[in-house]
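Q: Hi! I've got a structure to look over and would love to talk it through with you. Could you take a look with me?

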Amino acid sequence: MSAKKGLHLTLKIWRQKNNKSKGQFETYKISDVSTDSSFLEMLDILNENLINEGKEPIAFDHDCREGICGMCSLYINGRAHGPDTGITTCQLHMRMFKDGETIVIEPWRSAAFPVIKDLMVDRSAFDRVMAAGGFISVNTSGNTLDANAIPVPKEDADKAMDAAACIGCGACVATCKNGSAMLFVGAKVSQFALLPQGRIEAKRRVLNMVQAMDEEGFGNCSNTGACEVECPKGISLENIARMNREYMSALVDKG
Amino acid sequence: MSKLDSRIPAGPLKDKWKHHKDHMNLVAPNNRDKIDIIVVGTGLAGGSAAATLAEQGYNVKAFCYQDSPRRAHSIAAQGGINAAKNYQGDGDSTYRLFYDTIKGGDYRAREANVYRLAEVSANIIDQCVSQGVPFGRDYGGQLDNRSFGGVQVKRTFYAKGQTGQQLLLGAYSSLSRQIGKGRVKMYNRHEMLDLVIVDGKARGIIARNLVTGEVERHSAHAVVIASGGYGNVYFLSTNAMGSNVSAAWKIHKKGAYFANPCYVQIHPTCIPVHGTQQSKLTLMSESLRNSGRIWVPKKIEDSIAIREGKLRAESIKEEDRDYYLERRYPAFGNLVPRDVASRAAKERCDAGFGIENNDTKEGVYLDFSTEIMKKGRESAIEKHIHNPTDQQLYDLGKSWIEEKYGNLFVMYEKITADDPYKTPMKIYPAVHYTMGGVWVDYNLQSTIPGCFVIGEANFSDHGANRLGASALMQGLADGYFVLPYTIADYLSADIRTGTIPTTSPSFEEAEKGIKDKIDFFLNNKGTHSVDHFHKLLGNIMWNKVGMGRTPEGLREAIKEIDEVRKAFWKDVKVPGDAEGMNTELEKAFRVADFLELGQLMAIDALHRNESCGGHFREDHSTPDGEAERDDVNFKYVGAWEYQGEDINNEVLHKEDLIYDNIEVKTRSYK
Ligand SMILES: Cc1cc2nc3c(=O)[nH]c(=O)nc-3n(C[C@H](O)[C@H](O)[C@H](O)COP(=O)(O)OP(=O)(O)OC[C@H]3O[C@@H](n4cnc5c(N)ncnc54)[C@H](O)[C@@H]3O)c2cc1C
Ligand code: SF4
Ligand code: FES
């Protein structure tokens with residue numbers, strides 16, 4: 001491996017005490033950041049410096065740091081999850097940045113995701129959409145059919161898996177100029193619509209989830225496709241199309 | 001006097017659970033809504049338990065520190081979940097899964113619990129499929145399986161490299177259904193900071209709302225702890241950053257015994273540490289060992305040249321590679337259990353053969369080139385390609401690998417900037433899973449009546465080592481199929497109790513304790529951050545309570561941790577205030593608990609004069625470096641009882657492990 005280089009950076013970071021107060025950008029300098037560090041490790045170092053200076057560290061969401069829990073967020077230089085595709089912020093590494101660069105860091109911005117503090121936002125609207133229908137109504141007693149009694153064509157299982165890979169990070173919402181949650185909801189609707197177990201209540205599910213999504217204040221989809229570009233898990237627009245089909249047919253049935 | 005009554009039901013092993021279920025007390029459906037249950041944690045264990053208890057009709061309050069139950073640490077599990085389905089027809093059975101698990105755990109797990117786990121495992125897969133978990137399938141539409149370290153059958157079900165994610169989302173969807181119905185009240189971004197005991201029974205918790213900072217009282221008829229493992233005591237581990245021991249440790253301080261704390265699993269296939277700015281280690285799924293061969297150079301000069309960047313792995317000739325697992329363990333080869341694989345990597349790196357250019361020169365190769373060509377050849381035959389070129393074989397093999405492990409390869413490349421299709425992955429062991437935890441009886445109840453512990457937070461099913469794909473199985477078994485029955489037996493006495501008031505002195509006292517701690521932290525004005533102390537602790541733990549342990553090292557560790565702990569309470573600096581989000585304050589509470597637990601881990605490791613599973617004592621090894629167990633003196637669970645601030649005074653209780661159904665053998669994978 002080549003010699004490790006330390007980066008010197010200027011950071012413009014959104015600071016906001018809480019949901020009620022107004023926020024503003026603050027500028028910070030940071031030096032000797034290893035190019036092998038992750039973006040969040042860079043923020044850890046900054047926070048350590050701030051604490052040592054007697055200041056309050058920057059609040060940001062994160063947990064697994066493996067790109068799977070969906071907890072990390074951040075708008076970096078105007079892009080959800082930063083300047084790389086197919087990854088979350090915790091997987092973003094500092095080798096993507098140049099020495100001397102200025103980096104602008106903001107929270108997700110969407111009416112449905114209010115800021116909690118600094119870079120942290122409240123994404124519980126997603127949970128409420130899920131509670132409205134993002135499930136198969138089966139008891140958890142284990143008194144179900146033998147798993148192989150429900151054969152699923154491999155292609156369908158794989159497609160369902162691709163849709164199910166959504167981590168609920170909210171980048172799709174944050175990056176959409178309408179603040180639409182269609183990619184997230186479409187992914188869930190698709191997963192179940194593609195499986196025989198999920199078909200039975202497919203109509204009810206899509207109607208309920210779409211209604212909840214609207215009630216939470218997510219905007220409409222105008223097919224710009226920005227969500228797909230920034231989705232760290234490659235959730236495809238196909239899922240929105242499938243949801244729309246499911247929705248239309250459910251509406252027709254409802255009459 | 002010991003309170004350790006494991007309450008293992010009488011009768012033949014294979015009938016114990018059924019018989020027990022048939023004879024436990026029940027709570028009638030019309031009485032269940034008179035009962036409140038708190039579930040702390042919404043991972044596989046807590047999420048499945050909360051959903052099932054709510055479905056049965058109890059009032060459930062569930063807590064997690066993340067912003068959503070869907071983000072619990074279980075989400076990160078990659079490889080798969082075991083079940084004795086024998087779909088592959090390779091001779092698997094409940095007994096065989098039970099046997100492998102007991103043996104894999106180095107005969108330090110409880111027979112009856114493990115048998116029950118194997119017994120309900122098949123049900124878990126049925127349940128998850130009916131919930132819409134998209135497991136991998138073969139072309140006939142049937143479920144596919146892979147194999148994992150330590151076993152010779154294919155019994156691992158998987159959903160790409162995201163099995164934990166899909167299982168958790170399954171549990172979360174069932175939980176969401178109950179939340180939607182108002183049966184579960186979900187408390188996101190809430191942290192349990194203490195347990196409340198009223199008249200000797202667990203009756204509630206003190207939690208802090210992490211958004212508003214408010215300290216809240218919550219009462220219930222029973223409390224279920226499903227808060228996961230404590231690997232983060234090492235600072236660097238594969239655990240999520242927020243994983244903590246607090247809930248388990250707080251109940252320990254209130255009377256629950258803590259069992260086998262020294263049993264930590266070091267996972268063999270993680271990405272090596274890159275440097276001092278590192279915050280977290282990333283696992284490469286163990287399933288990769290199905291297709292990857294592990295090696296280091298045979299010649300030390302080659303290792304040195306590689307570390308200096310003068311030589312590349314690909315240019316080392318086949319005969320100059322030391323496939324040390326295949327050499328030492330021909331029967332299992334690269335699929336030996338985790339503890340064996342980890343120690344073998346350490347042995348090679350200690351001897352100077354490590355290939356990674358980091359501070360410690362620790363790293364070995366995980367190489368897919370053989371498999372790529374092999375699968376390429378198989379694929380060519382299947383596709384009727386005659387006389388394929390090497391490039392064609394490589395491309396076909398590569399797409400096979402991509403299909404199977406693609407996301408892991410992408411993840412590796414994002415982190416290291418190396419392309420693992422072209423050059424072997426670099427891996428090294430890292431702290432991963434904790435087999436120790438709160439002592440529970442067969443009903444999963446701790447030594448505090450009414451306080452149950454499930455999933456990774458308890459100690460019961462894995463012994464001294466955990467085989468791959470068994471933690472997910474245990475989490476879901478506990479949550480869906482065990483706890484909901486056993487808790488009813490306890491709660492059947494509570495149908496006339498009525499709501500538990502939160503105004504009693506016990507609640508007041510517990511709340512005051514927490515508020516005082518908050519005041520202390522915020523007003524201490526020390527000079528070092530919480531992380532500073534956490535890193536000091538982690539360093540001691542990794543070096544002296546890590547992969548190889550010596551009595552001298554452990555004695556030093558006990559003293560040093562004690563010193564770090566004293567320094568922490570004197571000198572920690574926690575900025576901010578008590579109202580609103582304060583992430584440093586959260587960390588301070590967690591690290592305070594790790595500092596106590598770390599010391600107990602070292603004490604436990606020192607007292608256990610043997611090697612077993614994840615606990616390797618260098619002074620108890622055979623001449624060829626294998627672990628030497630001492631069944632005469634140590635075939636027991638060591639459960640510690642808290643005695644106040646000085647951790648050195650904890651009292652050891654022993655639960656003898658009795659194996660009626662299997663012969664205890666030396667564990668060999670040769
Ligand atoms: C990278 C990785 C890969 C893995 N791969 C596999 C695999 O392939 N197969 C396998 O079988 N196992 C695997 N494991 C192990 C397995 O994932 C875990 O052991 C298991 O998921 C633990 O589940 P749990 O429900 O006990 O705890 P967790 O999933 O850790 O859940 C803990 C819950 O408790 C909550 N919590 C914790 N403390 C508090 C508190 N004080 N107050 C409130 N809430 C709290 C958290 O918010 C969370 O909801 C893997 C682990 C890792 C790290
Ligand atoms: S669809 Fe993609 S961007 Fe949207 S929440 Fe899911 S993973 Fe995140
Ligand atoms: S921290 Fe979990 S996805 Fe980034």
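A: Happy to! One place to begin is B:Cys451, which counts as buried because its relative accessibility is 0%. Keep in mind as we go that this is a predicted model.

Q: Which cysteine sulfur is closest to that of B:Cys451, and why is there no bond?

A: The closest one belongs to B:Cys64, but the two sulfurs are 18 Å apart, so they are too far from each other for a bond.

Q: And how many disulfides are there over all chains?

A: Zero, counting over all chains. A:Cys176 is another cysteine without a disulfide: the nearest cysteine sulfur, in A:Cys227, is 6.7 Å away.

Q: Is A:Cys176 buried or exposed?

A: Buried, because its relative accessibility is 15% and the cut-off for buried is under 20%.

Q: OK, switching to packing. What does the largest nonpolar core look like?

A: That core has 238 residues, and the ones with the most contacts inside it are A:Phe218, B:Ile81, B:Phe135 and B:Ile251. Helix α16 of chain B, residues 583–607, gives the largest share of the core, 14 residues. There is also a second, separate core of 28 residues, which includes A:Met42, A:Leu43, A:Leu46 and A:Leu50.

Q: What does B:Phe135 touch, leaving aside its neighbours within four places in sequence?

A: On that basis, its contacts include A:Ala157 from chain A. From chain B, B:Phe135 is in contact with B:Ile81, B:Ile125, B:Cys128, B:Val129, B:Leu143, B:Phe157, B:Tyr158, B:Ala159 and B:Leu167.

Q: Nice. Now the empty space: how many cavities of 30 Å³ or more are there?

A: The count comes to 12. The largest has a volume of about 790 Å³, and 49 residues line it, with B:His73, B:Ser74, B:Gly228, B:Gly229 and B:Glu456 closest to its centre.

Q: Which elements supply at least two residues of that lining, and how does the lining divide by class?

A: In chain B, α2 (44–56), β6 (190–198), α6 (246–253), β15 (425–434) and α12 (471–491) each supply at least two. By class, the lining of the largest cavity has 19 nonpolar, 24 polar and six charged residues.

Q: What about the second largest cavity?

A: The volume there is about 580 Å³. Its lining has 36 residues, and A:His62, B:Met241, B:Thr583, B:Lys587 and B:Arg590 lie nearest the centre. Helix α16(B), which also came up in the largest core, gives the largest share of this lining, seven residues. The lining of the second largest cavity divides into 14 nonpolar, 10 polar and 12 charged residues.

Q: And the largest pocket: how much space lies in it?

A: About 1100 Å³. Of the 39 residues that line the pocket, B:Asp144, B:Tyr158, B:Trp400, B:Glu403 and B:Lys404 lie nearest its centre. Two or more lining residues come from each of α3 (154–164) of chain A and α10 (369–382) and α11 (390–416) of chain B. The largest share, seven residues, is from α10(B).

Q: How many of the pocket's lining residues are charged?

A: 19 are charged, alongside 10 nonpolar and 10 polar.

Q: Backbone check next. Which residues other than glycine have a positive phi?

A: B:Tyr107 is one of them, with phi near 55°, and B:Lys160 is another, at about 45°. Most residues other than glycine have a negative phi.

Q: Where do B:Tyr107 and B:Lys160 sit?

A: B:Tyr107 is in the loop between α3 (94–104) and α4 (111–130) of chain B, and B:Lys160 is in the loop between β4 (156–157) and α5 (163–180) of chain B. B:Tyr107 counts as buried because its relative accessibility is 0%, whereas B:Lys160, at 35%, counts as partly exposed.

Q: Last one: where is B:Tyr642?

A: You'll find B:Tyr642 in the loop between β18 (636–641) and β19 (651–656) of chain B. B:Tyr642 is buried, with a relative accessible area of 19%. Its C-alpha is 8.1 Å from that of B:Ala256, although the two are 386 residues apart along the chain. Leaving aside neighbours within four places in sequence, B:Tyr642 is in contact with B:His252, B:Lys253, B:Ile647 and B:Glu650.

Terms used:
Residues are numbered from 1 along each chain as its sequence is written. Chains are lettered from A and ligands numbered from 1 in the order in which they are written. This is a predicted model: local features need pLDDT of at least 70, side-chain atom pairs count only at pLDDT 80 or more; totals for chains, interfaces and linings use all residues. Side-chain values use heavy atoms; hydrogens and water are left out. A nonpolar core is a set of buried Ala, Val, Leu, Ile, Met, Phe, Trp, Tyr and Cys residues joined through side-chain atoms within 4.5 Å. Buried means under 20% relative accessible area, exposed over 50%, partly exposed in between (1.4 Å probe, protein chains only). Helices (H or I, at least four residues) and strands (E, at least two) are DSSP runs, numbered from the N terminus. Contact means heavy atoms within 4.5 Å. A disulfide is a pair of cysteine sulfur atoms within 2.5 Å. On a 1 Å grid over the protein atoms alone, a cavity is a set of points where a 1.4 Å probe fits but cannot get out, and a pocket is an open set with protein on both sides within 12 Å along at least five of seven lines; lining residues have an atom within 4 Å of a point. Grid points are joined across faces, edges and corners, and a volume is the space filled by probe spheres set on the points. Ala, Val, Leu, Ile, Met, Phe, Trp, Tyr, Cys and Pro count as nonpolar, Asp, Glu, Lys and Arg as charged, and the others, Gly among them, as polar.
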